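Grab your viewer and work through a few exercises on this fold. Try each task yourself before reading the solution under it.

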Amino acid sequence: MGWTMANGSGSDPQAIPLRRWQADALPLVIDALRRWERPVVSAFMGAGKSVFLAALIAQSKEKPGRGVIVAAPRANLVVQLAGTLRRVLGAEAVGCWFQGEKVCDRRVTVSTYQSLPTLCAAWTEAGRSPSLLVCDEVHGTEAETIRTSIEALEALAGRKVPRVGLTATPFRSGQKESLSLWSGVVYRYSFADGCRDGVVVPARVIRWDGAEREAGEVDGICIDMLQAAQVWPVLASARTIRDAEAFALLLCGSDIPAAAVHSGLSAKETARRVEMLKAGELKVLVHVSMLAEGADFPWLRGLMLRRRVGARVRFVQEVGRVLRACEGKSEGVVFDPFDLMGEMGLSHPEAIGAALEEEAGAG
């Protein structure tokens, strides 16, 4: 058998609150692993792939000297995945292997793909081997270094290692984004499915439809849009730290409580200001590059696209943050003074859903 179920030991999978798609996908993946297949689960950005992964690992049982490896392409995704796994499986069960953090003696080790070779070396020295390998953003696993690392991990185990892939985009045109290492997609959860289930909310786009203004008056347009809509809390984008601080002051001067967050602040202060926004003490938070992968604000009601974003993938990531569902939230409002949604080909709800499903493959 390629997959061993836990029998009353370890975490109780029944204690993990699962969305319907996660509960439906779980037995399909486990059955595929038992058949020594290498299944892929496809779900759009924000659907809850990390919780699904935690539920899967909670049902595994590792023999002494073995453990689970979870690999992701970027450091911030490692941090995000490790955080979810620790909440579900317990902090003592999860270690990270990337950059400055090198902990690989736990039940689960979360690593970047780039750090897999050194992780293999550390496990070889410790006499450990993998019982399960999970690859996030699996469409990007065709790189030679990753293939070599998988071969090295299987050499440690002395057998084929059961593996599961997670992605939002399983089908790509490039050779480096194919799925030759995987059996195929066993479950797909689309953006339309998420809207139906209340996992995400639809977008309402508010464009500037008043008289044209000079280029330097964009901030005035943004303030007019916010005051007319009265939708809070809102994240607004800025180009630089100085720009963020200046717009936050302008908002405060217009009776809209606001603050800026950027790399010039400590992590503690940034977290404090985010909590103030969530609590309603602030109505707007002006950010510089805050909405890449890993940012999670399901309580956010509005997004002000105050600056242009060159890369479509970055743009889609930002819009996706305001569409996360939470209690009492029926829509995500996108303030779009430049008609960026139109420029990016995202004027229709169906186009937004398709872009969110493609986002991980482009990142």
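**Exercise 1: a strand in the middle**

A72 stands opposite T112 in β5. Keep in mind that you are looking at a predicted model. Your task: work out which strands pair with β5, and whether the residues of β5 are buried or exposed.

*Solution.*
Step 1. Take the A72 side. Strand β2 (residues 66–72) is joined to β5 by 5 bridges, and the two run parallel.
Step 2. Now look for another partner. Strand β3 (residues 94–98) pairs with β5 over 4 bridges, again in the parallel sense. There, G95 is the residue opposite T109.
Step 3. Check the burial, where under 20% relative accessible area counts as buried. In β5 (residues 108–112), 5 of the 5 residues are buried. V108, V110 and T112 point one way, T109 and S111 point the other way, and all are buried.

**Exercise 2: the sheet around it**

Find the strand order of the sheet that holds β5, name its edge strands, and see which helix lies across β1, β6, β7 and β8.

*Solution.*
Step 1. Walk across the sheet: 8 strands in the order β4-β3-β5-β2-β6-β7-β1-β8, open, with mixed pairing.
Step 2. The edges are β4 (101–102) and β8 (184–189), each of which pairs on one side only.
Step 3. Zoom in on one pair. β1 (residues 39–43) and β7 (residues 163–167) run parallel and share 3 bridges, with V40 opposite G165.
Step 4. Add the helix. α1 lies across β1, β6 (129–136), β7 and β8, and runs at about 175° to β8.

**Exercise 3: two helices crossing**

Classify the angle between α1 and α2, then describe what sits in their contact.

*Solution.*
Step 1. The axes of α1 (residues 20–34) and α2 (residues 49–58) come within 10 Å and cross at roughly 50°. That angle makes α1 oblique to α2.
Step 2. The crossing of α1 past α2 is right-handed.
Step 3. List the residues. From α1 come W21, Q22, A25, L26, V29, I30 and L33; from α2 come K49, V51, F52, A55 and L56.
Step 4. Sort them by class: the contact has 10 nonpolar, 1 polar and 1 charged residues.

**Exercise 4: the other sheet**

Which strands stand at the edges of the 6-strand sheet, and why is one side of each left without a neighbour?

*Solution.*
Step 1. Write down the order: β9-β14-β13-β10-β12-β11, an open sheet with parallel pairing.
Step 2. Read off the ends. β9 (203–207) and β11 (258–261) each have a single partner strand, so one side of each has no neighbour in the sheet.
Step 3. For the twist, neighbouring strands here are turned by 20° against each other on average, direction ignored.
Step 4. Look at one pair up close: β13 (residues 302–304) and β14 (residues 332–336) run parallel with 3 bridges, and L303 has V334 as its bridge partner.
Step 5. Put the helix on. α7 (residues 218–229) lies across β9, β10 (234–237), β12 (284–287), β13 and β14, at about 150° to β14.

**Exercise 5: backbone oddities**

Where do Q230 and P233 sit, and what stands out in their backbone?

*Solution.*
Step 1. Q230 is in the loop between α7 and β10, and P233 is found in the loop between α7 and β10 too.
Step 2. Q230 has a positive phi of about 55° although it is not a glycine. With 46% relative accessibility, Q230 counts as partly exposed.
Step 3. The peptide bond joining W232 and P233 is cis, with omega about -5°.

Note on methods:
Residues numbered from 1 in each chain as written. Predicted model: local features only at pLDDT ≥ 70, side-chain atom pairs only at ≥ 80, totals over all residues. Heavy atoms only, no water. Axes fitted to C-alpha atoms, helices over the stretch in contact; angles between N-to-C directions. Parallel < 35°, antiparallel > 145°, perpendicular 65-115°, else oblique. Left-handed = near helix turned anticlockwise from the far one by under 90°. Contact = heavy atoms within 4.5 Å. Nonpolar A, V, L, I, M, F, W, Y, C, P; charged D, E, K, R; others polar. Pairing = 2+ DSSP bridges. Buried < 20%, exposed > 50% of the residue type's maximum accessible area, 1.4 Å probe, protein only.
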